[in-house]
Amino acid sequence: MSDPTVVPWPRPAPVARPETVLAVDDVVVRFQTRDAVVTAVDRMSFGVRPGEFISVIGPSGCGKSTLFNVIGGLVTPTAGLVTVAGEPIRGPHPAIGMVFQEESTFPWRTVLDNVAFPLEVRGVPRRVRNEKARDVVAMVGLTGFEEHYPSELSGGMRQRVSIGRTLASEPKILLMDEPFASLDEQTRLLLGDKVLQIQQTLRQTTLLITHSITEAVQLSDRVVVMSYRPGRLKRIVDIDLPHPRTSEVVTSEAFGHYVAEIWGDLRDEASRGMAEAEAQRGGTR
Amino acid sequence: MSRTGVDRGPALTGAATLVGLFVLLELAIRVGLVDRYVVPPPSEVITSFGRIVTEENIPQRFAQTALEGLGAGVLITIVGVPLGVLLYRRMVLRAAVQSWVAALAAAPLVLAYPLFLVIFGRSAWTIVMMGFVSGVAPVILKTLEGLTATRRVLIDVGRSLKLTPMQQFRLVLLPAAVPTIFVGLRLGLIFALINVVGLEFLINFGGLGQLINELAERYDLPGTYAAIAFVVLVSVLFFAGLERTERWLRPGR
Ligand SMILES: Nc1ncnc2c1ncn2[C@@H]1O[C@H](COP(=O)(O)OP(=O)(O)O)[C@@H](O)[C@H]1O
Ligand SMILES: [Mg+2]
């Protein structure tokens, strides 16, 4: 997939940044397609601080999921590296827990068994893991549904099962790729509250990938804005809204300012993306 | 939304349809629309049940056919599923043999029965092996298909949790493939049962197939049809068993 023949970028010696738990360092990902080489992510660098909630935002197709897979260790970058507490990662790292964009619950497992899955594979005895899983199920607000199968739940509930399953593995860093993308706006706001509440109680370092500006501003301490094709770092915006936050923050004036500011950054990127997608469609017809 | 209450509507409708068809057939035969020497009246078939059960040793024949079917069913499972897994694991092997396994599924293998007679003699083993050979191909193909079709994201969940290859297989791939594997098992079992009964008929050996042969030669048509009903019963039992096993292995829809 990623081209291994490309040499790494010459770059300055890494600076010691003790306050970062996760660092994305000059990451480049290229894909070889049938007729071209696509640069999905281009020289992305940013750090994540312990306990913070950081979002990565960008238009569709700008390389967010690719970046997600690189940080999760599922895709090896063409160049650059990702470090966890200063250690470069090779493959999935136990400190990182992933929540995928697509529906990812195991349909043959009950809610409780889905959530207990990471503990089960580590060999935690049934009694202990079920007790732990029950706590997590309560945390994601699914008490009473422990014995239900995913097919008996709504989309939002299933996504909460996926989040719970990842939380049960107690990752140092929670990584989520557009976990609310397939949900309606109201569910998305409420689920955002839930995630934020969990993040605050656990002091959980969280990296959320999203294409929704309101979601990014509602939830984050910082927002990383990506450009479209190639996916580069455009800007990092500090969100200085008071904590604890709920979805009510969306009605505040400051919130509006942040949204407008990020929209200003994204607007050009998004329209460029749209134009390119349309040109491509026209070209192939 | 009741999870325990069983809706008996479909079952009743099914039974009523069957009874209705029998009544229509009975009428058609009595009126002379259908020749009674081709299709005996259902009433005569029903009354001949008692006779063939007592006179033709049905319990023992039923057990023999069922056991042969079970033997073939177990063989297609313990051979077909691992072979499907092997093809999934080995790309080269898959490319090399997938098409001829598919051809095997379509071939009239029953014509090879003399070969089996030579190898296993005129015994239940010939019958079991014939059933196995004719039913194994769909199990291999559907196992391969089910594993290949496992959703990428489920595999990625396993990878992100650093499952061992064995855990990935046992906890993700296999459960994901179970419904498709069972489609293969159903198909395979149908082929196996047809061949088991067909071969009993052909080599005049043992169970219900041989009885059908005998009764047909005696022109005992009601008896023949009654014996066929027992063959249907065997396959109904097998299918009910498969369905239970599937629900046990793969709960949640
Ligand atoms: N495996 C792949 N092979 C080729 N191209 C890919 C692959 N994965 C992603 N891409 C391309 O990389 C770009 C970024 O994709 P992605 O990371 O999924 O974007 P996003 O998640 O922001 O919508 C897209 O143009 C996509 O077509
Ligand atoms: Mg994406």
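**Note on ligand 1 and the interface of chains A and B**

1. Twelve residues surround ligand 1, and Gly61(A), Lys64(A), Ser65(A), Thr66(A) and Arg229(A) come nearest among them; a residue is near if one of its heavy atoms lies within 4 Å of the molecule. This is a predicted model, in which local features need pLDDT of at least 70 and side-chain atom pairs count only at pLDDT 80 or more, while totals for chains, interfaces and linings use all residues. Residues are numbered from 1 along each chain as its sequence is written, chains are lettered from A and ligands numbered from 1 in the order in which they are written, and side-chain values use heavy atoms, with hydrogens and water left out.

2. Backbone atoms approach the oxygen atoms of ligand 1. A backbone N or O atom of Gly61(A) is 2.7 Å from a ligand oxygen, the corresponding distance for Gly63(A) is 3.1 Å, and a polar backbone atom of Cys62(A) lies 3.2 Å from an oxygen of the ligand. Taken alone, ligand 1 exposes 560 Å², of which the protein buries 67% (accessible areas by the Shrake-Rupley method with a 1.4 Å probe; for residues, only the protein chains shown count as cover).

3. Helix α1 (residues 64-71) of chain A supplies the largest share of the shell around ligand 1, with three residues; helices are DSSP runs of H or I with at least four residues, strands runs of E with at least two, numbered from the N terminus. By class, the shell holds four nonpolar, six polar and two charged residues (Ala, Val, Leu, Ile, Met, Phe, Trp, Tyr, Cys and Pro count as nonpolar, Asp, Glu, Lys and Arg as charged, and the others, Gly among them, as polar).

4. At the interface, 22 residues of chain A are in contact (heavy atoms within 4.5 Å) with 20 residues of chain B. The two chains bury about 2000 Å² between them, 64% of it on carbon and sulfur atoms; buried area is the accessible area (1.4 Å probe) that two parts lose on being put together, summed over both. On the side of chain A, Leu74(A), Trp108(A) and Val121(A) lose the most area to chain B, together 30% of what that side buries.

5. One salt bridge (a side-chain nitrogen of Lys or Arg within 4 Å of a carboxyl oxygen of Asp or Glu) is found across this interface. Arg151(B) and Glu102(A) pair in a salt bridge at 3.5 Å, N to O. Helix α2 (residues 111-121) of chain A gives the most to the side touching chain B, with four residues.

6. Over all chains, the search finds 20 salt bridges. One joins Arg235(A) and Glu261(A) at 3.0 Å, N to O, linking strand β10 (residues 233-238) to helix α7 (residues 253-284) of chain A, with the two residues 26 apart.

How values were computed. Polar contact = N/O pair within 3.5 Å; in protein donor to acceptor, adjacent residues only side chain to side chain.
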